[in-house]
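I sat down with this structure to note its layout, its burial and a few single positions. The entries follow the order in which I looked things up.

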Amino acid sequence: MAHPNVEVVRELYQRINGDDPESIYELLSEDFRAEVPPSLSAEPDVYEGHAGVRRYMDGFQGHLDDVRFEVLGIHLEGEEVIVDMLVKGRGASSGIPVEQPSAVVHWVAGGKVTRMDVHPDVEAAREALRRVG
């Protein structure tokens with residue numbers, strides 16, 4: 001059986017890519033926090049709470065269609081979960097396929113994701129965790 005934190009994170013990505021992406025909020029804590037650095041986004045920012053997640057998701061509108069979060073691998077590092085992934089979509093105006101690789105560290109407490117930090121790759125995510133821990 002997989003670690004409970006891994007299962008929460010796996011379910012989060014199944015939901016966000018599934019038929020009912022609104023159901024992700026059941027897996028995100030009310031005090032959720034995510035940070036997207038300038039090196040990985042045209043709109044770097046800190047996103048807080050469910051409203052912050054909605055703002056992040058709304059940021060794709062008009063820029064990227066058919067947004068999907070493709071999980072390439074899931075790694076348990078202590079209690080934290082790193083997802084090696086691709087954000088994929090199609091340019092809204094051009095139709096050109098777009099993909100952005102990243103590695104996202106997830107903190108889970110009480111069966112909900114409380115924090116996500118985005119890094120360029122798994123090794124950078126592991127290094128960031130070493131600095132925190």
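**Entry 1: a strand position**

I began with leucine 72, which lies in strand E3. The model I am reading is a predicted one. Is leucine 72 buried, exposed or partly exposed? Its relative accessibility is 48%, so I put leucine 72 down as partly exposed, since exposed would need over 50%. I then looked up what leucine 72 touches, leaving aside neighbours within four places in sequence, and found Asp84, Met85 and Leu86. For aspartate 84 I also took the C-alpha distance to leucine 72, which is 5.3 Å, with the two positions 12 residues apart along the chain.

**Entry 2: the overall layout**

I next went through the secondary structure and noted 3 helices and 6 strands. In sequence order the pattern reads α-β-β-α-β-β-β-β-α. The radius of gyration is 14 Å, close to the 14 Å that the globule rule gives for 133 residues, so I noted the protein as being as compact as a globular protein of that length. The C-alpha trace spans about 40 × 30 × 25 Å along its principal axes.

**Entry 3: burial, contacts and surface**

I looked up burial for the whole protein: 40% of the 133 residues count as buried. For contacts with a separation of 6 or more, I found that 43% are between residues 24 or more positions apart. The accessible surface comes to about 7,500 Å², and carbon and sulfur atoms hold 50% of that. I also noted the charges, 13 positive and 25 negative side chains, with the centres of the two sets 1 Å apart.

**Entry 4: helix H3**

Which residues of helix H3 (residues 122-132) are buried? I listed Val122, Ala125, Ala128 and Leu129. They cover an arc of only 120° around the axis, so they sit on the same side of H3. I checked what covers these buried residues, and the cover includes strand E3 (64-77), strand E4 (80-91), strand E5 (97-109) and strand E6 (112-119).

**Entry 5: helix H2**

I repeated the look-up for H2, where Gly49, His50, Gly52 and Val53 are buried. Their arc around the axis is only 160°, which puts them on the same side of H2. The cover over the buried residues of H2 includes E1 and strand E2 (45-48).

**Entry 6: serine 29**

I turned to serine 29, which belongs to strand E1 (residues 28-36). Serine 29 has a relative accessible area of 8%, so I entered it as buried, the limit for that being under 20%. What does serine 29 touch, not counting residues up to four places away in sequence? I found His50, Lys112, Val113 and Thr114. His50 had already come up in my entry on H2, as one of the buried residues there.

**Entry 7: glycine 62**

My last position was glycine 62, in the loop between helix H2 (49-58) and E3. Glycine 62 has a relative accessibility of 58%, so I noted it as exposed. I took its C-alpha to C-alpha distance to serine 93, which is 7.9 Å, while in sequence glycine 62 and serine 93 are 31 residues apart.

Note on methods:
Residues are numbered from 1 along each chain as its sequence is written. This is a predicted model: local features need pLDDT of at least 70, side-chain atom pairs count only at pLDDT 80 or more; totals for chains, interfaces and linings use all residues. Side-chain values use heavy atoms; hydrogens and water are left out. Helices (H or I, at least four residues) and strands (E, at least two) are DSSP runs, numbered from the N terminus. Buried means under 20% relative accessible area, exposed over 50%, partly exposed in between (1.4 Å probe, protein chains only). Contact means heavy atoms within 4.5 Å. The radius of gyration is taken over C-alpha atoms; the globule rule is 2.2 Å times the number of residues to the power 0.38. Accessible areas come from the Shrake-Rupley method with a 1.4 Å probe; for residues, only the protein chains shown count as cover. Lys and Arg count as positive and Asp and Glu as negative; His and the chain ends are not counted. The place of a charge is taken as NZ of Lys, CZ of Arg, CG of Asp or CD of Glu. The arc is that of the directions from the helix axis to the C-beta atoms.
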